[in-house]
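Me: Please take a close look at a single part of this model. I would like to know which residues are buried there, which are exposed, and what covers the buried ones.

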Amino acid sequence: MSLPKQDAAALSKHWTEGVLLKRDVFSTVERGRFRTRDGDVDAVLRRLDQVPWWSFILAHHLFTRERRALTLARDLKVGPELLWAGKRTLVRGFIDGVALHLAKPYNDARYFQSAKLALRKLHRMGVCHNDLAKEQNWLRGSDGLAYLTDFQLAVCFKSRSQLFRIAAYEDLRHLLKHKRTYAPELLTAKEKQILSRKSLPARIWLMTGKKVYRAITRGIFNFTDREGGGKRLVNDAPPLLEIIKRNPDVRDAAIVAFADRRTGVGLYAFVEAEDVALEGKLQSELAAAKAAKPPEHLQVIPALPRDTAGKIRTEVLQLVAMNQVDLLEPLMTSDADRAFLKVILESRKNLRDRFNFETQLPQP
């Protein structure tokens, strides 16, 4: 399926390709540069010319919802700015930040205040996001403020109807669920009351619709996604980890995903061991096993970052893998953390790609 002539002409004049972020049955998403009147800017392109015929109607419906929502929210500065939109393509600005599950804004009152304000602005325009249960759809910008992304399920209302109030309530309730996770002591009495009361449509969805959705996306569409890593992180990482951990010199290991210029989604393996020379041996073992495509990068470090409970801090490893090192400092809370950071950054493998899994699969 080719792009309409108007779309193709606009892209040829203004779009410069960068890296493929995602391709699925609903769209292709790329990161690159877009030429505006004020110069080139970092941007994200969504296009429908490569979706299969059997999913095109739904894909176009989701595309239309996103285009309309971004048009209404264009000047709110609470999400990506709509830079250009055609019949089957749209270009939106890139938000320099990381998803909530990576940022982990513990006790960050400023972040959650800005998140609540962002929702108020959006709702005043009659736009309900409708997919804020996913932490990946909440970003923490480099300025420390909250931003929303992935508007494919957004609903735009012309009036403050009962349906609008329900959808807005659910947007707020999902934000408060995240606040309860990262800053429970900041919850007010009113916010706790909202958390305790799901709307009737939400209760019905949990009992019926959500099960149907999972059956369709995981069965018919064969879609799996975990923290933006897609099928490689879900399917390839476990057998690769098993092979790595078989080596007696390996104490522990973790694999995260990152956007790769050549393959779309790459894997980065962090191995806890003493001997850096082990890297070559492990790469040979992974290639010989043929269990899955080996990670694009493998790095041996003396110790993996862990929280107070001993759990590996994958959010730190994710930022290293994506080469977003400027966002790591706020996550370092002790001298030991900073010492670890110095060691891991000095020998990191990915010095080229600096992209974020900002766009996720919609949940129809």
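Reply: What follows describes one helix, and then two buried polar residues elsewhere in the chain. The model is predicted.

Helix H1 spans residues 5-14, and its buried residues are Asp-7, Ala-10 and Leu-11. Seen down the axis of H1, these buried residues fall within an arc of 95 degrees, so they line one face of the helix. The spacing fits a general rule: an α-helix has 3.6 residues a turn, so residues three or four places apart point the same way. The other side of H1 carries exposed residues, namely Lys-5, Ser-12 and Lys-13.

The cover over the buried residues of H1 includes four strands: S1 (15-23), S3 (39-47), S4 (82-85) and S5 (89-93).

Two further residues can be taken in the same terms. Arg-31 lies in strand S2, which runs over residues 28-36. Its relative accessible area is 6%, so Arg-31 counts as buried, the cut-off being under 20%. The side chain of Arg-31 has a polar contact, at 3.3 Å, with the side chain of Asp-42.

Gln-152 sits in a loop, between strand S9 (146-148) and strand S10 (155-156). With a relative accessible area of 1%, Gln-152 is buried as well. The side chains of Gln-152 and Arg-46 are joined by a polar contact of 3.5 Å.

How values were computed
Residues are numbered from 1 along each chain as its sequence is written. This is a predicted model: local features need pLDDT of at least 70, side-chain atom pairs count only at pLDDT 80 or more; totals for chains, interfaces and linings use all residues. Side-chain values use heavy atoms; hydrogens and water are left out. Buried means under 20% relative accessible area, exposed over 50%, partly exposed in between (1.4 Å probe, protein chains only). Helices (H or I, at least four residues) and strands (E, at least two) are DSSP runs, numbered from the N terminus. The arc is that of the directions from the helix axis to the C-beta atoms. Contact means heavy atoms within 4.5 Å. A polar contact is a pair of N or O atoms within 3.5 Å; within protein, one must be able to donate a hydrogen and the other to accept it, and residues adjacent in sequence count only if both atoms are side-chain atoms.
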